[in-house]
Amino acid sequence: MNTDSVMLLKECDAGSKMAVESIGQFRIYAEDSALKSCLDKYIKKHETYGSRCRKMLVENNECPQDPSKMASAFAKISTDVKMLLDKDSAKIANLLIDGCNMGIKTTTENMHKYSNATPDVMNIAREMITLEQEMSKELLGYL
């Protein structure tokens, strides 16, 4: 596996972990059972996706990557502050759609940055984009 493939997989892995953390943080505030179910589904999908990335990395004797501690801490604090005043489903969906868009943007940037990644790794990255688009589309129903 070439360097670009390893780096892109590590970024995808870190992105999936960040998504699981973020969705989980918003889930705490969700009161609507349908929204909770939706968030549970996407936590599971992101966990499954991340497991696939980590498996590929480990098979190639590479260490998985965690999101930066600074980014995780900022996201947690930001979520808590934003949810203090308004905990309705539309607010949660809106903020998570912003997160999906950030995931799409970051993954696309990483695909360009690591453009020599192998086709199978590029496909893994495209799957992340598709997952974020799917989640965003479903969350639109809560706005």
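## How α1 and α5 pack

Let's start with a pair of helices. Helix α1 covers residues 3-29 and helix α5 covers residues 119-139; their axes come within 9 Å and cross at roughly 20 degrees. Because angles under 35 degrees count as roughly parallel, α1 is roughly parallel to α5. The crossing of these two helices, α1 and α5, is left-handed. If you're wondering about that choice of numbers, two packed helices are described by the angle between their axes and the distance between the axes.

Keep in mind that you're looking at a predicted model.

## Who touches whom

Which residues in α1 meet α5? On the α1 side they are Ser5, Leu8, Leu9, Cys12, Gly15, Ser16, Ala19 and Ile23. Their partners in α5 are Val121, Met122, Ile124, Ala125, Met128, Glu132 and Met135. Sort the residues of this contact by character and you get 11 nonpolar, 3 polar and 1 charged.

## A look at lysine 91

Now hop over to helix α4, residues 89-113, where lysine 91 lies. Lysine 91 has a relative accessible area of 26%, so it counts as partly exposed. Try finding tyrosine 142 as well: lysine 91 and tyrosine 142 are 51 residues apart in sequence, and their C-alpha atoms are 8.7 Å apart in space.

## How confident is the prediction?

Across the chain, the average pLDDT is 89, and 85% of the residues score at least 70. Which element has the lowest mean pLDDT, and which the highest? Helix α3 (residues 69-85) has the lowest, at 58, while α5 has the highest, at 97.

Notes:
Residues numbered from 1 in each chain as written. Predicted model: local features only at pLDDT ≥ 70, side-chain atom pairs only at ≥ 80, totals over all residues. Heavy atoms only, no water. Axes fitted to C-alpha atoms, helices over the stretch in contact; angles between N-to-C directions. Helix = DSSP H or I, 4+ residues; strand = E, 2+ residues; numbered from the N terminus. Parallel < 35°, antiparallel > 145°, perpendicular 65-115°, else oblique. Left-handed = near helix turned anticlockwise from the far one by under 90°. Contact = heavy atoms within 4.5 Å. Nonpolar A, V, L, I, M, F, W, Y, C, P; charged D, E, K, R; others polar. Buried < 20%, exposed > 50% of the residue type's maximum accessible area, 1.4 Å probe, protein only. pLDDT = per-residue confidence, 0-100.
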